Amino acid sequence: MASPTPPHCSIASTKPYQPPQPQRVPVNSSSSSSSRNAPPRNPSLPSLGPDFRGKRSTRFVSKMHFNRPRPAVHGGGGGGGASAGFNRAARHTSAAEEALQHVIRGRDDDEGGLERLLSGFERRLSGSEDYLFILRELGNRGELSKALRCFEFAVRRERGVTEKGKLASAAISVLGRLGRADLARRVFEAARTHGYGNTVYAFSALISAYGRSGMSEEAIAVFEEMKGAARLRPNLVTYNAVIDACGKGGVGFDRAVEMFEEMTRDGVRPDRITFNSLLAVCSREGFWEDARRMFDEMVSRGIDRDIFTYNTLLDAVCKGGQVDLALEVMSEMSERNVWPNVVTYSTVIDGYAKAGRLEEALSLFNEMKQLGIRLDRVSYNTLISIYSRLGRFEEALGVVSEMEGSGIKKDIVTYNALLGGYGKQGRYDAIKYLFEDLKAESITPNLLTYSTLIDVYAKGGLYKEAMDIFKEFKEAGLKADVVLYSALIDALCKNGLVESAVALLDEMTREGIQPNVVTYNTIIDAFGKSATFQFQTDGSNVADGSRVIDEVDKEEVRDKEETNQVMKIFGRLVIEKGQPSVEDVKRQSQELLSILGLFHKMHELEIKPNVVTFSAILNACSRCNSFEDASTLLEELRLFDNQVYGVAHGLLMGSREKTWVQAQALFDEVKRMDSATASAFYNALTDMLWHFGQRRGAQQVVLEGKRRQVWENVWCDSCLDLHLMSSGAAQAMVHAWLLEIRSIIFEGHELPKLMSILTGWGKHSKVAGDSTLRRSIAALLEGMGAPFHVAKFNLGRFVSPGSVVTAWLRGSGTLNVLILRDDRTISEREFDPRQDMCALFPS
DNA sequence: GTAGGGTTAG
């Protein structure tokens, strides 16, 4: 039975389960007078649709820049000229700077030391400005406990309520910057109890503190409390803080816009920082077009754009995958005398790196160096990460030395980048060394370190190691997040334990950790892969395995239930590694039910699918044993996205002519993706068609992909490079290439001496060394009687002399072998895409 | 009260 067709049928339209979205751009929303220069409003702003426009990153508070020194507000150095008295710009005395130096040198654990020190300076220090200076500087240096003690000392000796209030706001702000919203709250409460905390400043500082910790709900609650119980009127800074908090906490664009509208109603005029924060919200959500409109709105309102504006806009543009546009923005800012700085460059460089354009990223580094912009901690780490990802470890380590030479010590980000790089290359020796080294340097591994290691070990099949790391992670008292769980789930999936993966998904949900689209995509993509492995419920015949089980049992007594679940599942994985399966078919139908349940959960939780979801569903179809199962999965695809469904279903049913217009529109959308994402989609679609006998259709898709440069440099007269293609895509491509070569011959040209077909040997495969592609191409060539054979010393290369290929292609039966046909073709007039396909295809 | 880096799916 066909379910009702949703009203919207284009890929850019709102998906069935999505609530209608309110207006997305705050401009023009309340009055028309302010919009005289505003760009014409586009009534069809891009929806928040899941598909190709939605952000691909799932991070909200991806980064918390705690402990980062704020830019100096007072000019010149802080060198306390002994006779200077007041530092005019800074409003603090030189005595304060002297005291600060002493406090910094003092030991952290010296009970009462700081208080004695400040007492000694007390007569020379001049009022709260000096204490504020010391407090803020301690904050800038990350001296949390000293800052707190300084605050307590100062607030005790201060008598004026206003002065005490200033100190409290500063302390709240400092604690917020250090990522301690909890302590900020305590200072805030104490200040209110003692009658000096009921100020707009204290409230604004606390809102900001929550914002920095990504706790936007708390920030909003404080904002409401301020207006309500505290009867205070938010000012510009308050509104800016709460808008910024909305963005940092990931409550989303709409909430930030609501705050903006409230601000306007309240008669508070937004300023540059308001817009900068709104831009940051766009950037985090990947709404680069909205960011651009916001930027234009600043222009029309006559609000200056500063380096923050440009850098945030650049970040939005890069996160939206428009790196080429980023370069335009960079030259525009220079024209307006806003000079790119180290943040500008690292933003754009990272954009290029994320788009896979690593060489261009590296050349931007050179440009930056030539401009005399010094690298800082972030840009060094970005550079190290790029070299690591490229596997260019010598250069990566060279940059590490350069960084240390310039006085910046390796931090956990440096190590994580290196661990990830070595991990991708399977360099477990280096990983082990690095992990010991970072501890020897007294650097504490964090959640990202553990996630990386677990992922690396699990992908490499080193389950014992993965388990040990997980144990250490639990012992460190860290809380798992969606990424770590997704890595664990992926490990299970990659080993065919889809049911266990689903169990772990439930487990994480019970733990209060929300799965995201990546988690779901992981499992969907694994559908049907379990055929290669099997559970062995009785592990007693595996000596090493029973030891692991014992360990797991001991854990059971003393550790939490959650840990146990994970350890149990992984314990089994250690034992069962690589047991071949017997009951594929039965398992698959069970799995199908699990996956269907998964789709329903996705709808329930309103998790937006993206293009990877679509590829995963298509890949799952390719692994279906029956056409019915595939059609069930495609039905789920239809509920997600009618356009993708329309194309996949149309081509599958053999309606090439009618479907092709729609397909072109779809491919235009896919073209906006980075090359890896785009090629994965083409690969998935082609594989599905190939698998179900639509070989001419598969070839049409593959040739379209080639035309659109989805796979770089696929073929020339002497060589066909298939190494980025899936098995179905590659096979369709072989046929197309040979036909092309054949026409060259029949035009009377001679072939090159040696003809090659490259498949690679599995280097690009997720499972190192897995050469499914090579095997399927070998079988294809043999099946069609093509004279290619495996090259000496290179397993991933098939070769044949040009003359031999010529002779074969001239053979009478060859053309017939080369031409592909579809199993199903439909008279285009009969074809109704909405009709249930099972009715059209009796199995 | 505002900007950039490290982890998960293909």
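# Exercises on salt bridges, a buried glutamate and a crossover

The structure holds 40 salt bridges. Keep in mind as you work that this is a predicted model.

## Exercise 1: two pairs within helices

Work out how R255 and E258 are placed in helix α10, and then do the corresponding job for D490 and K494 in helix α23.

**Solution.**

Step 1. Begin with the atoms: a salt bridge links the side chains of R255 and E258, at 3.6 Å from N to O. That falls within the 4 Å cut-off.

Step 2. Now look at the spacing. Helix α10 covers residues 253-265, and because R255 and E258 are three residues apart in it, about one helical turn separates them.

Step 3. Recall the geometry: an α-helix has 3.6 residues a turn, so residues three or four places apart point the same way.

Step 4. Check the surroundings. R255 is partly exposed, at 27% relative accessible area, and E258 is also partly exposed, with 44%.

Step 5. Turn to the second pair. The closest N and O atoms of D490 and K494 are 2.7 Å apart, and the two residues form a salt bridge. They sit four residues apart in α23 (residues 482-494), so about one helical turn lies between them.

Step 6. Compare their burial: D490 is buried, with a relative accessible area of 10%, whereas K494 is partly exposed at 34%. Salt bridges can also link up through shared partners, and R185, E189, R192 and E225 are joined in this way into one network.

## Exercise 2: one buried partner

Is K410 buried or exposed, and how does E404 count?

**Solution.**

Step 1. The side chains of K410 and E404 meet in a salt bridge, 3.4 Å from N to O.

Step 2. K410 has a relative accessible area of 18%. Buried means under 20%, so K410 is buried.

Step 3. E404 has 36% relative accessibility and therefore counts as partly exposed.

## Exercise 3: a charge without a partner

Find what surrounds E636, and which side chain of opposite charge is nearest to it.

**Solution.**

Step 1. Locate the residue: E636 belongs to helix α30, which covers residues 627-640.

Step 2. Look for a partner. E636 is buried, yet it has no salt bridge; R638, the nearest side chain of opposite charge, is 9.1 Å away.

Step 3. List the contacts. Beyond its neighbours within four places in sequence, E636 touches L596, F599, H600 and H603.

## Exercise 4: strands and a crossover

Trace the chain from strand β3 to strand β4 and find the handedness of the crossover. Then ask in which sense β4 pairs with β6.

**Solution.**

Step 1. Pair the strands: β3 (residues 719-721) and β4 (residues 754-758) run in the parallel sense, over three bridges. Within this pairing, L720 has I757 of β4 as its bridge partner.

Step 2. Follow the connection. From β3 the chain passes through helix α35 (residues 727-746) to β4, making a right-handed β-α-β crossover.

Step 3. Test the helix length. The 20 residues of α35 should span 28 Å at 1.5 Å a residue, and the end C-alpha atoms are 29 Å apart, which agrees.

Step 4. Examine the cover over α35: 15 of its 20 residues are buried, so to speak a mostly covered helix. After α35 comes G748, with a positive phi near 95 degrees.

Step 5. Finish with the other neighbour of β4. Strand β6 (residues 794-801) pairs with β4 in the antiparallel sense over five bridges, and S756 stands opposite V799 in β6.

Key
Residues are numbered from 1 along each chain as its sequence is written. Chains are lettered from A and ligands numbered from 1 in the order in which they are written. This is a predicted model: local features need pLDDT of at least 70, side-chain atom pairs count only at pLDDT 80 or more; totals for chains, interfaces and linings use all residues. Side-chain values use heavy atoms; hydrogens and water are left out. Two strands pair if DSSP finds at least two bridges between them. Helices (H or I, at least four residues) and strands (E, at least two) are DSSP runs, numbered from the N terminus. A crossover is right-handed if, with the strands pointing away from the viewer, the path from the first strand over the helix to the second runs clockwise. The expected span of a helix is 1.5 Å times one less than its number of residues. Buried means under 20% relative accessible area, exposed over 50%, partly exposed in between (1.4 Å probe, protein chains only). Lys and Arg count as positive and Asp and Glu as negative; His and the chain ends are not counted. Contact means heavy atoms within 4.5 Å.
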